[in-house]
Amino acid sequence: MKKNNTWIVDDIQPVPFHSGFWGGSNKRYWVSLINATYAVDAQVRHILTDEEMILATDDYNLSDRTKDNELHFAQGNAYDIEWDKLNLKRDYFSLAPEGDYYADISDWEEMMHLVRNHQIEERVDSKFRAIHEESDNVRQLKHSSDEIEFPMEFLNNLGLKCQPLFLMKVFNVGQGDTIMLIFPDMSIWLVDAFFEKHREKHQMSYDDLVDLIDEKYSDFRVERVIISHLHRDHCLSVNQLARDIGAESIIYTFPNTKLTKTALGALSNTRILRKIDDIESVQKGSTKITLTPACKLQYKRKNDHNANGIIVELETNNSHVLLSGDSPWQQLKEVVLSKNISGKHKCYKVSHHGSITGYDHNFINGYAPHLAVISFGIPNRYGHPDRRVLCGLSHNGAFLSGTAILRKKYLPIPIF
Ligand SMILES: [Zn+2]
Ligand SMILES: [Zn+2]
């Protein structure tokens, strides 16, 4: 066995019907694997596989045909993989980087070239337990209901003529999420941090973010970085950010599934790492910010980072902003439809890059967002965003926008 050939499953996503990867009558899945050795570069490879190879989770409606996940793919499982013995295919559909390929595994015999590596899993697990025990619960921020306004000069520089309550920037980071919230008390919050090494022309890079903060927000403090959940496309750059821009705290919640080394990396700055296991609200002027960790919701799903994250809401007298991470629609429905926000202007960061797992007709009908922003990259293997999600949102009257179609580095949204 060659060195560096251990890989950990980061994410498992159903292949949409309209993509070129649908296997006739068989439902197929993308399994994303991260190399267990390189935490910084986060080398990623993909396996395309059949439904029966995936460990059942209730959301995908697989019958619980096995309790044993020894052979089945599940998030956080580690495998030693002999790639050259697998059925490798070039990736034409998603125009992945030159030389990129994926393994197509459709029978148990091929699965034999993957040897489960419990040792690596346990190593990551014990490191995480140590970090988790060490990290404090989130300390309460000072609540302030005093009205604070952005300096007019600052707004003029941004081309804004009147006072917003806060500014939101949805960065075009490709197939992932990074959102910046800028408050008039001169603080910045980031929800997720994903910056790719290789990027498209209009895509925001890590250096672009550092430059942006230097140029426009040098007087601001980066108060919080919130990890919506521990998938690579949300947490890859968290640790780097904390180090370089002096973030004051990194917020996460217990993931209820095994981790990759990338996720461990995001949590490695234990000095400023804070966990939440309760709903937390912070008042900043007229804006109320609420963080809801998945453990406080009725809808639960194990072995899936998407269903074990933090949902962020920002509410003003006139507006409601919903930052959903990749949360399943059942959880979003629970969070949003229990509140009386019907008269407000609603801005929704569409869950899971527009995947069907974050969408339900009744949820969208009930929430009825005015603006729906989808963070995704073109091309991507997963067929994001799903056509049914786009149709459903626009039929409900939402104005749709997507980071990949902006031809700009970010979408600025002032909230009033
Ligand atoms: Zn994601
Ligand atoms: Zn995710």
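**Notes on a predicted two-domain chain**

1. **Where S1 meets S4.** Let me start with strand pairing at the N-terminal end: strand S1 joins strand S4 (residues 78-81) through three bridges, and the two run antiparallel. One pair to pick out on your screen is Thr6, whose bridge partner in S4 is Asp80. Please keep in mind throughout that this is a predicted model.

2. **The other partner of S1.** S1 (residues 6-14) also pairs with S2, again in the antiparallel sense, here over seven bridges. Two pairs are handy for checking the register. Asp11 has Ser32 as its bridge partner in S2, and Gln13 has Trp30. As for burial, nine of the nine residues of S1 are buried, so this strand is largely enclosed by the rest of the structure.

3. **S2 and its link to S3.** Beyond its pairing with S1, strand S2 is joined to strand S3 (residues 44-50) by seven bridges, and these strands run antiparallel. Trp30 is a useful residue to follow: it is the partner of Gln13 of S1, and it stands opposite Leu48 in S3. How enclosed is strand S2 (residues 28-35)? Seven of its eight residues are buried, so S2 is largely enclosed by the rest of the structure. If you are looking at side-chain directions here, recall that in a regular strand the side chains alternate between the two faces of the sheet.

4. **Two domains and their contact.** The chain is divided into domain 1 (4-123) and domain 2 (141-415). Their C-alpha centres lie 28 Å apart. The contact between them takes 25 residues from domain 1 and 26 residues from domain 2. On the domain 1 side, the elements that give two or more residues are S1 and S2, and S1 gives the most, with four residues. By class, that side of domain 1 has twelve nonpolar, eight polar and five charged residues. So S1 turns up twice in these notes: with its nine buried residues, and as the element that gives the most to this side of domain 1.

5. **A hairpin further along the chain.** Strand S15 (residues 280-284) and S16 are joined by five bridges and run antiparallel. The two form a hairpin with two residues between them, and Gly285 in the turn has a positive phi of about 60 degrees. For the register, find Ser281, which stands opposite Thr290 in S16.

6. **S16 and S17.** Strand S16 also pairs with strand S17 (residues 310-315), in the antiparallel sense and over six bridges. Here Ile289 stands opposite Leu314 in S17. S16 (residues 287-293) is mostly covered, with five of its seven residues buried.

7. **Backbone spots to look at.** Three places in loops deserve a moment in the viewer.
   - Which residues does a cis peptide bond join? His384 and Pro385, with omega about -10 degrees. Pro385 sits in the loop between strand S20 (371-374) and helix H10 (387-395).
   - Asp192 is not a glycine, yet has a positive phi of about 70 degrees. Its place is the loop between strand S11 (187-191) and helix H4 (206-216). Is Asp192 buried or exposed? With 32 C-beta neighbours inside 10 Å, Asp192 counts as buried; the cut-off for that is 20 or more.
   - His353 is another residue other than glycine with a positive phi, near 55 degrees. The loop that holds His353 runs between strand S19 (345-349) and helix H9 (361-367). His353 has 27 C-beta neighbours inside 10 Å and therefore counts as buried.

8. **The chain as a whole.** Stepping back, the chain has ten helices and 22 strands. Its radius of gyration is 21 Å, close to the 22 Å that the globule rule gives for 416 residues, so the chain is as compact as a globular protein of that length. Along its principal axes the C-alpha trace spans about 65 × 45 × 40 Å. Of the 416 residues, 43% count as buried. Among contacts between residues at least 6 apart in sequence, 69% join residues at least 24 apart.

How values were computed. Residues numbered from 1 in each chain as written. Chains lettered and ligands numbered in written order. Predicted model: local features only at pLDDT ≥ 70, side-chain atom pairs only at ≥ 80, totals over all residues. Buried ≥ 20, exposed ≤ 12 C-beta atoms within 10 Å, placed from the backbone. Pairing = 2+ DSSP bridges. Domains from an automatic or database assignment. Contact = placed C-beta atoms within 7 Å. Nonpolar A, V, L, I, M, F, W, Y, C, P; charged D, E, K, R; others polar. Rg over C-alpha atoms; globule rule 2.2 N^0.38 Å.
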